Amino acid sequence: MNFNDLIGLEHGWGGNPGDGSGKADCFLLACEVHNRLGYHDYREDFDWVFEQYTEHTFPFRWIIKWLNENGKRIEGPRPHAVVLLDGSMGAALGTVMDNGEVLFIAPSRLVVRSKLPDNVGHYFWMNQ
């Protein structure tokens, strides 16, 4: 499966990678990847977030809560797992691709696909 059309999208709060806007939000980026892979993408469950919050008012801890409530924590990278990245990586969520690279929003505020250093991120299997 080809995800090259997502690479280079610019970060934007509520940016849906599939809508042609050229913007991507890290949560919606992960949803788009999951949708293309045939998994439940959680997008419709969280449309209200982008209406009620901005990037600066959204409680980041809710992402951690959502990952713990809806996924299963795993020890390391696994194809199609979601990875929670710390702020120094420039994004909150990424998705592990089949070859072990991660699709995420980099500190450049652009979507990239790259290997992550060992011991970076917290991995969750969201494909229940």
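A cavity is a set of grid points where a 1.4 Å probe fits but cannot get out. With that idea in hand, the predicted model can be explored from the inside outwards. A search of the whole structure turns up one cavity of 30 Å³ or more. The volume of this largest cavity comes to about 60 Å³.

Ten names are worth finding in the structure here: the largest cavity is lined by Phe27, Ala30, Cys31, His34, His40, Asp41, Tyr42, Trp66, Val82 and Met126. Sorted by character, this lining holds seven nonpolar residues, two polar ones and one charged one. Helix α1, which spans residues 26-37, gives the most to the lining, with four residues.

One of the lining residues, Cys31, leads to the question of sulfur bonding. How many disulfides does a search of the whole structure find? The search finds zero. Why is there no bond between Cys26 and Cys31? The closest cysteine sulfur to that of Cys26 belongs to Cys31 and lies 9.6 Å away, which is too far for a bond. A disulfide needs two cysteine sulfur atoms within 2.5 Å. Seen from the other side, the sulfur of Cys31 has its closest cysteine sulfur in Cys26, again at 9.6 Å and too far for a bond. Both cysteines can also be described by their accessibility. Cys26 counts as buried because its relative accessibility is 12%, and Cys31 is buried as well, with a relative accessible area of 2%. The cut-off behind both statements is a relative accessible area under 20%.

An open space can be considered next. The second largest pocket contains about 180 Å³ of space. Its lining includes Glu75, Pro77, Gly100 and Val102, together with the run Lys115, Leu116, Pro117, Asp118, Asn119, Val120 and Gly121, and also Tyr123. Six of the residues in this lining are nonpolar, three are polar and three are charged.

A last stop is Arg109, found in the loop between strands β6 (102-105) and β7 (111-114). Is Arg109 buried, exposed or partly exposed? Its relative accessibility is 44%, so Arg109 counts as partly exposed. This arginine also shows how a folded chain brings distant parts of a sequence together: Arg109 and His11 are 98 residues apart in sequence, and their C-alpha atoms are 5.1 Å apart in space. Leaving aside residues up to four places away in sequence, Arg109 touches Leu9, Glu10, His11 and Glu55.

Key: Residues are numbered from 1 along each chain as its sequence is written. This is a predicted model: local features need pLDDT of at least 70, side-chain atom pairs count only at pLDDT 80 or more; totals for chains, interfaces and linings use all residues. Side-chain values use heavy atoms; hydrogens and water are left out. Buried means under 20% relative accessible area, exposed over 50%, partly exposed in between (1.4 Å probe, protein chains only). Helices (H or I, at least four residues) and strands (E, at least two) are DSSP runs, numbered from the N terminus. Contact means heavy atoms within 4.5 Å. On a 1 Å grid over the protein atoms alone, a cavity is a set of points where a 1.4 Å probe fits but cannot get out, and a pocket is an open set with protein on both sides within 12 Å along at least five of seven lines; lining residues have an atom within 4 Å of a point. Grid points are joined across faces, edges and corners, and a volume is the space filled by probe spheres set on the points. Ala, Val, Leu, Ile, Met, Phe, Trp, Tyr, Cys and Pro count as nonpolar, Asp, Glu, Lys and Arg as charged, and the others, Gly among them, as polar.
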